[in-house]
Amino acid sequence: QVQLVESGGGLVQDGGSLRLSCAASGRTLNNDVMAWFRQAPGKVREFVAAITWSAGITSYADSVKGRFTISRDNAKNTAYLQMNSLKPEDTAVYYCAARKVFKAEYEYWGQGTQVTVSS
């Protein structure tokens, strides 16, 4: 079992920055993928970014490319999402999730952290 705890959300102005953290516990991540998703009010949850834990290969949604950066600290078993040039449309609850690389669906989810970007 893996437990995920997000932190770092908050209120920021248009154009500002935030860094989210996702701390994993229960076991050391290895052949895993860690991802960030978000869900805005009245909308479906959407993929934001992902990183493979061992190789550090990243992928991003088109809407955040060039503005968001996903990274991980293997020693701390923690993933990060650096969000720059934030826009009001980035307002959402952000969730981190994890799965084994050979699995199709994310099986572990955090509780979410609110990000609000004011215009």
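A salt bridge is a side-chain nitrogen of Lys or Arg within 4 Å of a carboxyl oxygen of Asp or Glu. In this predicted model, the side chains of Asp-32 and Lys-100 meet that description, with 3.7 Å from N to O. The two partners come from distant parts of the chain: Asp-32 belongs to strand E4 (residues 32–39) and Lys-100 to strand E9 (residues 92–100), 68 residues apart. Asp-32 has a relative accessible area of 1% and is therefore buried, since buried means under 20%.

Searching the whole structure gives seven salt bridges. Side chains of opposite charge can pair when their charged atoms come close. Arg-67 and Asp-90 offer another example, their closest N and O atoms being 2.7 Å apart. Arg-67 sits in the loop between strand E6 (58–60) and strand E7 (68–73), while Asp-90 sits in the loop between strand E8 (78–83) and E9, so this pair ties together parts that are 23 residues apart in sequence. Both ends of the pair are buried: Arg-67 has a relative accessibility of 11%, and Asp-90 has a relative accessible area of 1%. These two residues also take part in a network of salt bridges that links Arg-38, Glu-46, Arg-67 and Asp-90.

A further salt bridge joins Lys-103 to Glu-107, with 3.3 Å between the closest N and O atoms. Here the partners are partly exposed, Lys-103 at 36% relative accessibility and Glu-107 with a relative accessible area of 32%.

Turning to the overall fold, the protein contains 11 strands and zero helices. Strand E1 (residues 3–7) makes a friendly place to start exploring. Its covered face carries Leu-4 and Glu-6, whereas Gln-3, Val-5 and Ser-7 lie on the uncovered one. In a regular strand the side chains alternate between the two faces of the sheet. E1 runs antiparallel to strand E3 (residues 18–25), and five bridges join the two. One bridge partnership can be followed by eye: Ser-7 is matched with Ser-21 in E3.

Finally, the protein can be viewed as a whole. A compact globule of 119 residues would have a radius of gyration near 14 Å, so the 13 Å of this protein agrees with that expectation. The C-alpha trace spans about 40 × 25 × 25 Å along its principal axes. Of the 119 residues, 43% are buried. Among contacts between residues at least 6 apart in sequence, 53% join residues at least 24 apart. The protein exposes about 6,100 Å², and carbon and sulfur atoms supply 48% of that area.

Conventions: Residues are numbered from 1 along each chain as its sequence is written. This is a predicted model: local features need pLDDT of at least 70, side-chain atom pairs count only at pLDDT 80 or more; totals for chains, interfaces and linings use all residues. Side-chain values use heavy atoms; hydrogens and water are left out. Buried means under 20% relative accessible area, exposed over 50%, partly exposed in between (1.4 Å probe, protein chains only). Helices (H or I, at least four residues) and strands (E, at least two) are DSSP runs, numbered from the N terminus. Two strands pair if DSSP finds at least two bridges between them. The radius of gyration is taken over C-alpha atoms; the globule rule is 2.2 Å times the number of residues to the power 0.38. Contact means heavy atoms within 4.5 Å. Accessible areas come from the Shrake-Rupley method with a 1.4 Å probe; for residues, only the protein chains shown count as cover.
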